[in-house]
Amino acid sequence: FTTPGTPPVLTGQQASSNLYVVCPGTTVQLNVTVAGGCSGGYIYSWAPASGLSSTTIANPTALINSAITYTCTVTDICVGAPVSDTVGITIGAPPVAGTASVTPATICAGGSAQVILNGQQGTIVWQQSPDGINWFNVPGGTNDTINVGPLGSSLYYQAVVSGTGCGTSTSNITVVTVAPA
């Protein structure tokens with residue numbers, strides 16, 4: 001005859017003090033580690049079931065589309081006393097796009113201007129458009145300041161910023177106006 005062990009203790013990623021930040025559509029690996037109890041096994045129960053690959057294993061994957069808090073309850077088969085802990089997962093903010101400006105705003109045909117992005121956080125890809133609707137990446141346009149020209153007609157510019165948050169953010173549109181001759 002053996003006496004059952006002490007109730008299990010949960011350790012690992014799910015500690016309630018942990019809060020994880022991910023982007024929408026990210027799959028994360030949850031994990032609960034159990035110490036103590038007897039060697040008869042454990043029953044796992046994760047809730048809510050939303051996005052989980054399984055609610056009855058120690059290490060399900062979770063597809064995260066919105067902020068969520070998961071609770072894992074583990075019951076030792078021998079002791080029977082359940083213990084629980086949680087893990088919180090939030091959605092990260094998009095990157096900061098910053099503010100685009102141009103100097104000078106109006107140039108003569110064949111002239112050049114500087115398009116500048118201030119306050120951004122992340123990787124920049126400048127885009128230009130002849131009409132403000134159809135956008136094209138500017139070759140080599142990855143710095144916060146780009147020189148444009150010589151220009152024969154007015155062009156619109158915006159910056160798409162990525163890399164420091166979830167997804168991308170787009171700056172305001174600025175225009176380099178070519179004055180009529």
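Is Cys166 buried or exposed in this structure? Cys166 counts as buried, because its relative accessibility is 11%, and buried here means under 20% relative accessible area, with exposed meaning over 50% and partly exposed lying in between, for a 1.4 Å probe and protein chains only.

Before I go on, a word about the basis of all this. This is a predicted model, in which local features need pLDDT of at least 70 and side-chain atom pairs count only at pLDDT 80 or more, while totals for chains, interfaces and linings use all residues. Residues are numbered from 1 along each chain as its sequence is written, and side-chain values use heavy atoms, with hydrogens and water left out.

Let me begin with the whole protein. It has 0 helices and 17 strands, where helices (H or I, at least four residues) and strands (E, at least two) are DSSP runs numbered from the N terminus. Of its 181 residues, 33% count as buried. If we take contacts, meaning heavy atoms within 4.5 Å, between residues at least 6 apart in sequence, then 59% of them join residues at least 24 apart.

Now back to Cys166, which forms a disulfide with Cys23, the two sulfur atoms being 2.3 Å apart; the rule asks for a pair of cysteine sulfur atoms within 2.5 Å, and by it the count comes to 1 disulfide. The pair links distant parts of the chain, 143 residues apart, with Cys23 in the loop between strand 2 (19-22) and strand 3 (26-29) and Cys166 in the loop between strand 15 (155-162) and strand 16 (168-170). The link is left-handed, with -95° about the S-S bond. Cys23 counts as partly exposed, because its relative accessible area is 28%. As for two further cysteines, Cys72 is buried at 0% relative accessibility, whereas Cys108 is exposed, with a relative accessible area of 59%.

Next, the interior. In soluble globular proteins, nonpolar side chains tend to be buried together. A nonpolar core, as I use the term, is a set of buried Ala, Val, Leu, Ile, Met, Phe, Trp, Tyr and Cys residues joined through side-chain atoms within 4.5 Å. The largest one holds 18 residues, and Val115, Trp126, Val148, Leu151, Tyr157 and Val176 touch the most other members. Strand 15 gives the largest share of this core, 4 residues. A second, separate core has 17 residues, among them Val32, Tyr44, Trp46 and Val87. Leaving aside neighbours within four places in sequence, Leu151 has contacts that include the exposed Cys108, as well as Tyr157 and Val176.

Which residues make up the covered face of strand 14? They are Ile146 and Val148, while Thr145 and Asn147 form the uncovered one. Strand 14 runs antiparallel to strand 11, and 4 bridges join them; two strands pair if DSSP finds at least two bridges between them. One of the partners in this pairing is Gln114, which is matched with Asn147 of strand 14.

I will finish with two single residues. Thr174 lies in strand 17 (residues 174-178) and is buried, with a relative accessible area of 9%; leaving aside neighbours within four places in sequence, its contacts include Val115, Leu155 and Tyr157. Gly122, by contrast, sits in the loop between strand 11 (113-118) and strand 12 (123-129), and counts as partly exposed because its relative accessibility is 34%. Gly122 and Pro95 are 27 residues apart in sequence and 6.4 Å apart in space, C-alpha to C-alpha.
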